[in-house]
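Walk through this fold one element at a time. Begin with the strands, then turn to the helices.

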Amino acid sequence: MPELPEVEALAEFLRENAVGRVVTRVDLAAVQAIKTFDPPLTALAGLELTGASRHGKFLDLDVSGVHLVVHLARAGWLHWRENLPTAPPKPGKGPLALRVHLEPAEGELPSGFDLTEQGTRKGLAVYVVRSPSEVPGIARLGPDALELDAEALGALLTGRHTQLKGTLTDQTVLAGIGNAYSDEILHAARLSPFKAADKLTDDELLRLYEAMRETLTGALDRQLGQRAATLKGEKRAGLQVHARTGLPCPVCGDTVREVSFADTSLQYCPTCQTGGKPLADRRMSKLLR
């Protein structure tokens with residue numbers, strides 16, 4: 001799932017390549033992706049794309065005051081196309097969800113971008129709104145993960161008797177962190193994903209804050225300036241434990257372990273994070289603290 005660094009890098013890529021250009025047409029290929037009807041998608045045609053920004057994991061394209069807001073969900077992505085097909089796509093065919101055509105510069109081929117989603121479970125969501133706050137997911141967002149200081153993070157966690165892993169990925173608590181970077185942050189902070197969020201010592205809280213800052217800003221530094229096509233590979237290359245089950249931890253050499261749930265999983269290093277004790281691989285395991 002694209003998280004804060006990838007979505008910010010996509011916004012930066014669009015600021016460099018799309019802002020200032022006029023939207024000539026928008027093709028909807030997956031009807032289930034569009035979540036709003038007023039304004040209609042057709043309202044974007046003829047308007048200039050004037051800005052690109054991020055709210056948590058939502059990508060926000062300002063099209064002369066009308067906002068095209070996208071949540072890429074688990075398997076969605078943005079693909080920049082230098083030569084877009086002129087024929088409208090056939091609905092329901094392949095991974096394409098939405099295609100945005102931009103007016104070409106003089107002497108250039110028509111370009112724009114596709115929003116796609118792989119797999120059978122469709123979660124990619126597109127909103128056309130007058131204000132980003134009209135998108136329910138944005139209205140519920142907690143503070144952005146990169147806008148907090150250590151004191152504010154501590155205040156957020158006070159009284160939350162929930163597991164750290166779930167707390168970090170709860171967008172109503174903290175915006176922008178998903179499954180991959182929460183694993184990376186907890187590994188860097190040397191904390192169990194199952195530790196209760198309100199049981200951190202002062203030292204553990206500081207480690208968590210510093211790990212969050214360093215993990216997210218490090219990923220941003222690697223990804224800003226990359227083309228959209230290379231961002232996924234850059235993300236994978238920087239991961240220490242996430243999606244590395246069975247491989248040696250790059251810090252201590254222990255084997256990276258996994259805990260599987262119904263529709264997701266987490267990865268961690270026992271030596272770095274849980275005192276050498278493997279976590280029970282079942283949803284209702286007794287928490288290790």
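In this predicted model, four strands make up an open sheet. Their order is β2-β3-β4-β8, and the pairing is antiparallel. The edges are held by β2 (49-55) and β8 (125-129). Each of these has a single partner strand, so one side of each is left without a neighbour in the sheet. On average, neighbouring strands are turned by 20 degrees against each other, with direction ignored.

Look next at the β8 edge. Strand β4, residues 66-71, pairs with β8 in the antiparallel sense, and five bridges link the two. Within this pair, His 67 stands opposite Val 129 of β8. In a regular strand, side chains alternate between the two faces of the sheet.

A helix packs on this sheet. It is α1, which touches β2 and β3 (58-63). The direction of α1 makes about 170 degrees with that of β2.

Helix α1 (residues 4-17) also meets helix α6 (residues 202-223). Their axes come within 9 Å and cross at roughly 35 degrees. The crossing is right-handed. From α1, the contact draws on Leu 4, Pro 5, Glu 6, Glu 8 and Ala 9. From α6 come Leu 216, Ala 219, Leu 220 and Gln 223. By type, the residues of this contact divide into six nonpolar, one polar and two charged.

Helix α6 has another contact to follow, this one with helix α3 (residues 150-157). How do the axes of α3 and α6 cross, and at roughly what angle? They come within 10 Å and cross at roughly 115 degrees. Angles of 65 to 115 degrees count as roughly perpendicular, so α3 is roughly perpendicular to α6. This crossing, too, is right-handed. On the α3 side, the contact is made by Ala 150, Leu 153, Gly 154 and Leu 157. On the α6 side, Leu 205, Leu 208, Tyr 209 and Met 212 take part. The residues here divide into seven nonpolar, one polar and no charged.

One more strand pair remains. Strand β9 (residues 257-260) and strand β10 (residues 265-268) run antiparallel, joined by four bridges. They form a hairpin, with four residues between the strands. Which residue of β10 stands opposite Glu 258? The partner is Gln 267.

Definitions and conventions. Residues are numbered from 1 along each chain as its sequence is written. This is a predicted model: local features need pLDDT of at least 70, side-chain atom pairs count only at pLDDT 80 or more; totals for chains, interfaces and linings use all residues. Side-chain values use heavy atoms; hydrogens and water are left out. Two strands pair if DSSP finds at least two bridges between them. Axes are lines fitted to C-alpha atoms, for helices over the stretch in contact, and angles run from 0 to 180 degrees between N-to-C directions. A crossing is left-handed if the near helix is turned anticlockwise from the far one by less than a right angle, and right-handed if clockwise. Contact means heavy atoms within 4.5 Å. Ala, Val, Leu, Ile, Met, Phe, Trp, Tyr, Cys and Pro count as nonpolar, Asp, Glu, Lys and Arg as charged, and the others, Gly among them, as polar. Angles under 35 degrees count as roughly parallel, over 145 as roughly antiparallel, 65 to 115 as roughly perpendicular and the rest as oblique.
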